[in-house]
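Me: I have a model open and want to go through the disulfides and a sheet. Can you take short questions?

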Amino acid sequence: QVQLVESGGDWVQPGGSLRLSCAASGFTFSSYDMSWYRQAPGKERELVATITSAGGSTNDADSMKGRFTISRDIAKRTVYLQMNSLKPEDTAVYYCNAARLRLGKKYTYWGQGTQVTVSS
């Protein structure tokens, strides 16, 4: 049974930091690209960052570059999102995603999300 369990979401003041974790089970963790997405109220879900199965990482949104860092611990089957210099506009539910393309078929799994609230 595939599971992605996020944790670490919290309320934090602007300028603060949080580290989100996503514990994975039920699939070959090292073979999947792992990503963090977020969805703010009334907005579409957007990609925050990806770490590929090969270990390369990308941050696709200019608004988050230099502030958010994705990493993983293969032994612990966990992916992290370190978020620094948080802003109120970072308030959202953050979701963990695992994705893999194999033999022409895409496999993708989602966690349940963890709430991050940035306000004073």
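Me: How many disulfides by the usual rule?
Reply: The count comes to 1 disulfide, taking a disulfide as a pair of cysteine sulfur atoms within 2.5 Å. This is a predicted model, where local features need pLDDT of at least 70, side-chain atom pairs count only at pLDDT 80 or more, and totals for chains, interfaces and linings use all residues. Residues are numbered from 1 along each chain as its sequence is written, and side-chain values use heavy atoms, with hydrogens and water left out.

Me: Which cysteines does the disulfide join?
Reply: Cys22 and Cys96, with S to S at 2.1 Å. The pair links distant parts of the chain, 74 residues apart: Cys22 is in strand β3 (residues 18–25) and Cys96 in strand β9 (residues 92–102). Strands (E, at least two residues) are DSSP runs, numbered from the N terminus.

Me: Why is the disulfide left-handed?
Reply: Because the torsion about the S-S bond of Cys22 and Cys96 is about -80°.

Me: Cys22 and Cys96, buried or exposed?
Reply: Both Cys22 and Cys96 are buried, meaning under 20% relative accessible area (1.4 Å probe, protein chains only).

Me: Now the open sheet of 4 strands. What's the order?
Reply: β1-β3-β8-β7, with antiparallel pairing. Two strands pair if DSSP finds at least two bridges between them.

Me: Which strands stand at the edges?
Reply: β1 (3–7) and β7 (68–73). Each has a single partner strand, so one side of each lacks a neighbour in the sheet.

Me: How many bridges join β7 to β8?
Reply: 6, and β7 runs antiparallel to β8 (residues 78–83).

Me: What stands opposite Val79 in β8?
Reply: Arg72.

Technical notes: Buried means under 20% relative accessible area, exposed over 50%, partly exposed in between (1.4 Å probe, protein chains only).
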